[in-house]
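Below are some remarks on the model you sent round, set out as numbered points. Please read them with the coordinates open.

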Amino acid sequence: MAREKWGSRWAFILAAVGSAAGLGNAWRFPYMAYSNGGGAFYVPYFIALFLAGIPLLMAEFAIGQGLQSSAPKSMGKIKKGAEIIGWWAVITGALITFYYNVIMAYIFNYLYYSFGVSWKDDPNNFFFGKFLQVSSGPGELGGLRWPIVIGLAVTWLWIYFILRKGTSSVGKTVMWTVPLPVILLIILGIRGITLEGAAEGLNFLFQPNFEKLVEPRVWANAFGQIFFTLSLAFGIMIAYGSYNKKNEDVANNAIITALGNSATSYLAGIAVFSVLGYMATQLSVPVNEVVKGGIGLAFVVYPKAISLFPGGVIVQSIIGLSFFVMLLTLGIDSAFSLVEAVEAAAEDKFKINKKAFLIGFSIFGFAAGLLYSTQGGLYWLDIIDHFLGTYALLIVGILEAIVIGWIFGAEELRKYINQVSEVKIGKWFNFSIKYLIPVVLLIVLVLTFSDELKEPYGGYPSWALWTGFFVLIATPILAIIFAKIPPKDNNYYKKAKIDLEEGGM
Ligand code: PHE
């Protein structure tokens, strides 16, 4: 049976941009730029994007497309033992969806709370107190928070329906879930910059502090951000590429995807920082006192700013709704892309029926997400994310670049890319995949780890951090187990040359 295919080139590009542009663009990028040199951060950011991010994105698209396989199968075809790396990537992705979807559940709740700006009296107490009823620490799980559980069920159901018919249902979804958040960001950005004090906020984001560029950590942050934001090293872009025809363009598609994603980050930066500037002016405090990233930005700081907006409660409710619909539609494509990477891997190896797998995985993911839906859930979300979202991503990224660059051969892949692409790429591609990416990611890994040793993350008790570390260690072990199970498909390990002849068009 022929592999399913995207309905059009745009369906593929939108799905890829959708995966790349996620919550991180809204709440990680602006904060990164702010704390790493403001306008000067664009220097390491774009260097990282062009020298490392785009080459690895091209490599992932090309591997998936050329071998017509998910990440574990592609890696296994390159070298049998390397299949483990593919599984490591998708297992990490699977564990990430379990809490990513809990954040989606928060957002669903905040859609509801937007009506009448329920948080207006004290957004901080509202979030941690009334909504999360947060416990004293990771040692106390407390009870389930039912509003989160309901939001979680809705999220998984939504993902199931999006993925159910594969590329055809995904293609229909991304036609609106990708443009909509961009439109909302433009609206929120325009409203933002017309508020009093907006310029103050934007100054923080754009005024370059070039002295920062001598700090190695700023460069490490830029490379880390690029890998995270392009959804690399989770097997997603390989799976998406595998639904292309073998002669589909690679280089241009990767460049469009990467630039579309960066444009979204840029818009989000404007929407967020203009409003932070306004809020600081209203509260007569310096901007740096209100700046936050992550969950704190989305559920405390931005909501607080909304409650200060001119125009009364109806206008504020509309702004709140726009903000959370933006986050929801921004996040959903990243969430289901993680699931699709797992689904593609399972289907390739075990020939399981797609719908059956999705039903089983959704139920399992929902159950696993219950841990994060407890009163102590936020602590665990933070701890597990810290270990998986940084370390696993970096280690898998290094190994993946080595397998593609050295075992498959960067030059071989470059030839294929140039055969199918409008834009031709030079030998720098080989240098990037073989040397630059592994070395830079290794440096980032070492810097992050040395920070870890200096100060325990988040001030959590050491047993809780060890638990997070244990989850990280469990991922390659699970990967080995999955790689060892014999495939249902006889051709699973069959060496495939990437060429345009067989099954090409
Ligand atoms: N690229 C997403 C973002 O920036 C994060 C993500 C990474 C999502 C990996 C899925 C997989 O928000």
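**Notes on the predicted model**

1. Gln68 is placed in the loop that runs between helix 4 (42-67) and helix 5 (71-78). This is a predicted model, and in it Gln68 takes a positive phi of about 55 degrees although it is not a glycine. With a relative accessible area of 17%, which is under 20%, Gln68 counts as buried.

2. Ser284 also deserves a look, since it is not a glycine and yet has a positive phi of about 50 degrees. Ser284 belongs to the loop between helix 14 (251-283) and helix 15 (294-308), and its relative accessible area of 65% makes this residue exposed, whereas Gln68 is buried.

3. Helix 19 (residues 428-454) can be checked for length and for bending. Its 27 residues, at 1.5 Å a residue, should span 39 Å, and because the C-alpha atoms at its ends are 37 Å apart, the model agrees with that expectation. Within helix 19 there is nevertheless a kink of about 40 degrees at Leu436, a position shortly before the proline Pro438.

4. Which residues around the ligand come nearest to it? There are 14 residues around the ligand, and the nearest of these are Ala20, Gly24, Phe228, Thr229 and Ser231. Three of the polar distances may be of use when the pose is examined: a backbone N or O atom of Gly24 lies 2.7 Å from an oxygen atom of the ligand, a backbone N or O atom of Thr229 is 3.1 Å from a ligand nitrogen atom, and a polar side-chain atom of Ser231 is found 3.0 Å from a nitrogen atom of the ligand.

5. Two positively charged side chains should be viewed together with aromatic rings. Arg28 lies over the face of Phe228, at a distance of 4.5 Å from the ring centre, and Phe228 is itself one of the residues that come nearest to the ligand. The charged end of Lys80, for its part, sits over the ring of Tyr493, 4.7 Å from the centre of that ring.

6. A pair of aromatic rings is described by the distance between the centres and the angle between the planes. The count for this model comes to 55 aromatic pairs. One of them joins Tyr110 and Phe131 in an edge-to-face arrangement, with 5.6 Å from centre to centre and 85 degrees between the planes. This pair links distant parts of the chain, as Tyr110 lies in helix 6 (residues 83-114) and Phe131 in helix 7 (residues 123-131), 21 residues apart; both Tyr110 and Phe131 are buried. The rings of Tyr492 and Tyr493 have centres 5.0 Å apart and planes at 90 degrees, an angle over 60, and therefore this pair is edge-to-face as well. Tyr492 has 0% relative accessibility and so counts as buried.

7. Two contacts between residues far apart in sequence can serve as checks on the fold. Val149, in helix 8 (residues 146-163), is buried at 7% relative accessibility, and its C-alpha atom is separated by 6.2 Å from that of Ser373, which is 224 residues away along the chain. Leu202, in helix 11 (residues 198-206), is likewise buried, with a relative accessible area of 17%; Leu202 and Tyr34 are 168 residues apart in sequence, while their C-alpha atoms are 9.6 Å apart in space.

Notes
Residues are numbered from 1 along each chain as its sequence is written. This is a predicted model: local features need pLDDT of at least 70, side-chain atom pairs count only at pLDDT 80 or more; totals for chains, interfaces and linings use all residues. Side-chain values use heavy atoms; hydrogens and water are left out. Helices (H or I, at least four residues) and strands (E, at least two) are DSSP runs, numbered from the N terminus. The expected span of a helix is 1.5 Å times one less than its number of residues. The bend at a residue is the angle between axes fitted to the seven residues ending there and the seven starting there. Rings of Phe, Tyr and Trp (its six-membered ring) pair if their centres lie within 6.5 Å; planes under 30 degrees apart count as stacked, over 60 as edge-to-face and the rest as tilted. Buried means under 20% relative accessible area, exposed over 50%, partly exposed in between (1.4 Å probe, protein chains only). A charge sits over a ring if NZ of Lys or CZ of Arg is within 6 Å of the ring centre and within 35 degrees of the ring normal. A residue is near a molecule or strand if one of its heavy atoms lies within 4 Å of it. A polar contact is a pair of N or O atoms within 3.5 Å; within protein, one must be able to donate a hydrogen and the other to accept it, and residues adjacent in sequence count only if both atoms are side-chain atoms.
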